[in-house]
Amino acid sequence: MSFTDAIKTCFRKYVTFSGRATRAEFWNFVLFMLIASIALTIVNSIIFGPTILQNVSVTINSAGEQTQSNSITKQYNAGWLGTFFSIAVFLPALSVTIRRLQDTGRNFRHLLIPIGCAGLSATIFFATSKSIPIDTSMFPDPSTMPTSLRMPGNIPVMIGLALLTFASYVFFLIWLCNSSEPTTNEFGPYPREVSS
């Protein structure tokens with residue numbers, strides 16, 4: 001399947017979650033989203049300029065003394081254009097991902113594995129993290145500064161969850177790279193037989 005055919009197919013099957021999608025259809029659509037995001041970042045930066053960020057970092061030593069450092073960075077992003085594009089391609093990207101999984105003989109529940117691992121990690125981080133107060137009087141405008149930092153509670157558990165989440169994303173990527181089942185499966189006929 002060519003690059004343009006893949007894009008047309010994914011937009012034609014905007015919310016079609018049944019059936020199968022070949023590797024070429026899926027990865028060409030991923031490439032389209034990447035190219036479009038880069039182009040939108042360039043256009044947004046030309047029209048609106050970069051986003052200026054002032055970074056304030058606070059370090060706390062073992063004696064509880066706080067030191068502050070400031071830095072200013074320019075951030076180039078797709079801005080509102082990227083937001084609208086992300087909304088427009090969310091459903092076709094989700095549907096082609098599910099159809100790609102189905103092409104390899106897996107169902108949509110396999111998509112929930114990396115999402116569940118990331119959600120579990122975030123939940124445990126926020127449930128076990130500790131809040132450390134910050135002395136905001138040293139900042140130029142204390143009203144805009146956070147009054148505390150969140151620090152992870154159980155570091156070994158957090159490292160284990162991070163590794164589990166990383167492994168789930170690796171397996172998910174491998175599933176998306178697998179070749180098609182060469183025969184009709186429970187999700188439909190072999191895509192190349194349909195297109196020929």
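A good place to start is the hairpin of strand 1 and strand 2: 5 residues lie between the strands, and G64 takes a positive phi near 90 degrees there. This is a predicted model, so please read the values below as computed from that model.

The two strands of this hairpin run antiparallel, and 10 bridges join them. Strand 1 covers residues 51-60, while strand 2 covers residues 66-75. To find one of the facing positions, look for I52, which stands opposite K74 in strand 2.

**The chain as a whole**

Stepping back, the chain holds 6 helices and 4 strands. Starting from the N terminus, you meet the elements in the order α-α-β-β-α-α-β-β-α-α. The chain has 196 residues, and buried residues make up 29% of them. Sequence neighbours tell just part of the story of the contacts: among those between residues at least 6 apart in sequence, 68% join residues at least 24 apart. Towards the outside, the chain exposes about 12100 Å², with carbon and sulfur atoms supplying 68% of that area.

**A nonpolar patch on the surface**

Which element gives the nonpolar patch its largest share of residues? Helix 2, spanning residues 23-48, contributes 9 residues. The patch itself is formed by F3, L31, L34, I35, I38, I42, V43, I46, I47, F48 and L81. Together these residues have about 1000 Å² of accessible area. One of them is L34, which lies in helix 2.

**Two residues to look at**

Another residue worth finding is T97, placed in helix 3, which runs over residues 79-103. Is T97 buried or exposed? T97 counts as buried because its relative accessibility is 13%, and the cut-off for buried is under 20%. L34, with a relative accessible area of 49%, is partly exposed, as exposed begins over 50%.

| Residue | Element | Relative accessible area |
|---|---|---|
| T97 | helix 3 (residues 79-103) | 13%, buried |
| L34 | helix 2 | 49%, partly exposed |

What surrounds T97 in the model? Leaving aside residues up to four places away in sequence, T97 touches F26, L111, F172 and L176. A polar atom of the T97 side chain also lies 2.7 Å from the backbone oxygen of A93.

With the structure open, you might begin at G64 in the hairpin, move on to the patch that includes L34, and finish at T97 in helix 3.

Technical notes. Residues are numbered from 1 along each chain as its sequence is written. This is a predicted model: local features need pLDDT of at least 70, side-chain atom pairs count only at pLDDT 80 or more; totals for chains, interfaces and linings use all residues. Side-chain values use heavy atoms; hydrogens and water are left out. Buried means under 20% relative accessible area, exposed over 50%, partly exposed in between (1.4 Å probe, protein chains only). A polar contact is a pair of N or O atoms within 3.5 Å; within protein, one must be able to donate a hydrogen and the other to accept it, and residues adjacent in sequence count only if both atoms are side-chain atoms. Contact means heavy atoms within 4.5 Å. Patches are made of residues with over 30% relative accessible area and no salt bridge: like charges are joined within 9 Å, nonpolar side chains (Val, Leu, Ile, Met, Phe, Trp, Tyr) within 5 Å. Accessible areas come from the Shrake-Rupley method with a 1.4 Å probe; for residues, only the protein chains shown count as cover. A salt bridge is a side-chain nitrogen of Lys or Arg within 4 Å of a carboxyl oxygen of Asp or Glu. Two strands pair if DSSP finds at least two bridges between them.
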